[in-house]
Amino acid sequence: MGFFKARYVRDYMAARKIKSVFVWAAEIAAVVIAAVVITVGFGKTTVMQEGSMDPTLAAGDVVLINRAAYKIGEPKRGDIIAYRVSEEENASTHIKRIIGLPGETISIQDGQILIDGETYQEKKNFPAIQNPGLAETEITLDKDEYFVLGDNRNNSEDSRFAGVGNIRRENIIGKLWFVASPWDKFGLLRI
């Protein structure tokens, strides 16, 4: 009887070890899959190349782009986005704040942004705009266009200028959501 009991205990312990190894392997696989999904969807990084988003972002800041945000939702006014000015895959990446949404009419008069004729009250206190550029006259956005401005309103090349113009939906890479560097700014992007 002792022989059968010892063998049973040995077999039971071996089965528990095998089960433990399988559970451990499944947990590792789940973590790896989750990391890949997060990296592909939320982990694209880019570096601010210029000071057009001061004081929100400075040149050299490393930020993460949520590329999945606009696959499940629409860009909103105030979002800080990464985009390309052309459809070419190797076109440079730019970062600006969405001001005008599809179908709206945008203009800049006396340093203030007007959306459909109404003064736009921003959440942050940005300086009056000295150069309205193309927005000196009304700009009506098409159904897939966005009007963007840099937070450094008087030192930003953005939708006010012909070289940038309105941003087409298909050229938006994603929404900025996290500052990875420098360490004193590390964390969720405060819009």
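**Figure 1. A cluster of aromatic rings in the predicted model.** In this predicted model, ring pairs join Trp177, Phe178, Trp183 and Phe186 into a cluster. The count of aromatic pairs comes to three, and one of them is formed by Phe178 and Phe186, whose rings meet edge-to-face with 5.0 Å from centre to centre and 90° between the planes. Trp183 and Phe186 form a pair as well, and this pair is tilted, with 5.0 Å between the centres and 35° between the planes. The members of these pairs are not alike in their accessibility: Phe178 counts as buried because its relative accessibility is 16%, Phe186 is partly exposed with a relative accessible area of 44%, and Trp183 is exposed at 69%.

**Figure 2. A cis peptide bond before Pro182.** Most peptide bonds are trans. The bond from Ser181 to Pro182, however, is cis, with omega near 5°. Pro182 has its place in the loop between β11, which covers residues 172-181, and β12, which covers residues 187-188.

**Figure 3. A cis peptide bond before Pro55.** Asp54 and Pro55 are joined by a cis peptide bond, for which omega is about 5°. Pro55 is found in the loop that lies between β1 (44-47) and β2 (62-66).

**Figure 4. Two aspartates with positive phi.** Most residues other than glycine have a negative phi. Asp110, a residue other than glycine, nevertheless has a positive phi, near 50°, and its place is in the loop between β5 (105-109) and β6 (112-115). With a relative accessibility of 81%, Asp110 counts as exposed. Asp116 is not a glycine either, yet its phi is positive at about 50°, and this residue belongs to the loop between β6 and β7 (118-119). Asp116 is partly exposed, since its relative accessible area is 48%.

**Figure 5. Arginines over aromatic rings.** Arg77 lies over the face of Tyr120, at 5.7 Å from the centre of the ring. In another such arrangement, Arg153 lies over the face of Phe126, at 4.2 Å from the ring centre.

**Figure 6. The largest pocket and its lining.** Rolling a probe the size of a water molecule over the atoms shows where empty space is left. In this model, the largest pocket holds about 170 Å³ of space. The pocket is lined by 14 residues, and those closest to its centre are Gln112, Tyr120, Glu122, Lys124 and Phe126. Sorted by character, the lining residues divide into six nonpolar, five polar and three charged. Two of the residues named here also appear in the preceding view, where Tyr120 has Arg77 over its face and Phe126 has Arg153 over its face.

**Figure 7. The protein chain as the setting of these views.** The protein chain has two helices and twelve strands, and from the N terminus on, its elements run α-β-β-α-β-β-β-β-β-β-β-β-β-β. Along the principal axes, the C-alpha atoms fill a box of roughly 95 × 35 × 30 Å. The radius of gyration of the protein chain is 25 Å, whereas a compact globule of 191 residues would have one near 16 Å. Of the 191 residues, 37% count as buried, and Phe178 of the first view is buried too, at 16% relative accessibility.

Methods
Residues are numbered from 1 along each chain as its sequence is written. This is a predicted model: local features need pLDDT of at least 70, side-chain atom pairs count only at pLDDT 80 or more; totals for chains, interfaces and linings use all residues. Side-chain values use heavy atoms; hydrogens and water are left out. Rings of Phe, Tyr and Trp (its six-membered ring) pair if their centres lie within 6.5 Å; planes under 30 degrees apart count as stacked, over 60 as edge-to-face and the rest as tilted. Buried means under 20% relative accessible area, exposed over 50%, partly exposed in between (1.4 Å probe, protein chains only). A charge sits over a ring if NZ of Lys or CZ of Arg is within 6 Å of the ring centre and within 35 degrees of the ring normal. On a 1 Å grid over the protein atoms alone, a cavity is a set of points where a 1.4 Å probe fits but cannot get out, and a pocket is an open set with protein on both sides within 12 Å along at least five of seven lines; lining residues have an atom within 4 Å of a point. Grid points are joined across faces, edges and corners, and a volume is the space filled by probe spheres set on the points. Ala, Val, Leu, Ile, Met, Phe, Trp, Tyr, Cys and Pro count as nonpolar, Asp, Glu, Lys and Arg as charged, and the others, Gly among them, as polar. Helices (H or I, at least four residues) and strands (E, at least two) are DSSP runs, numbered from the N terminus. The radius of gyration is taken over C-alpha atoms; the globule rule is 2.2 Å times the number of residues to the power 0.38.
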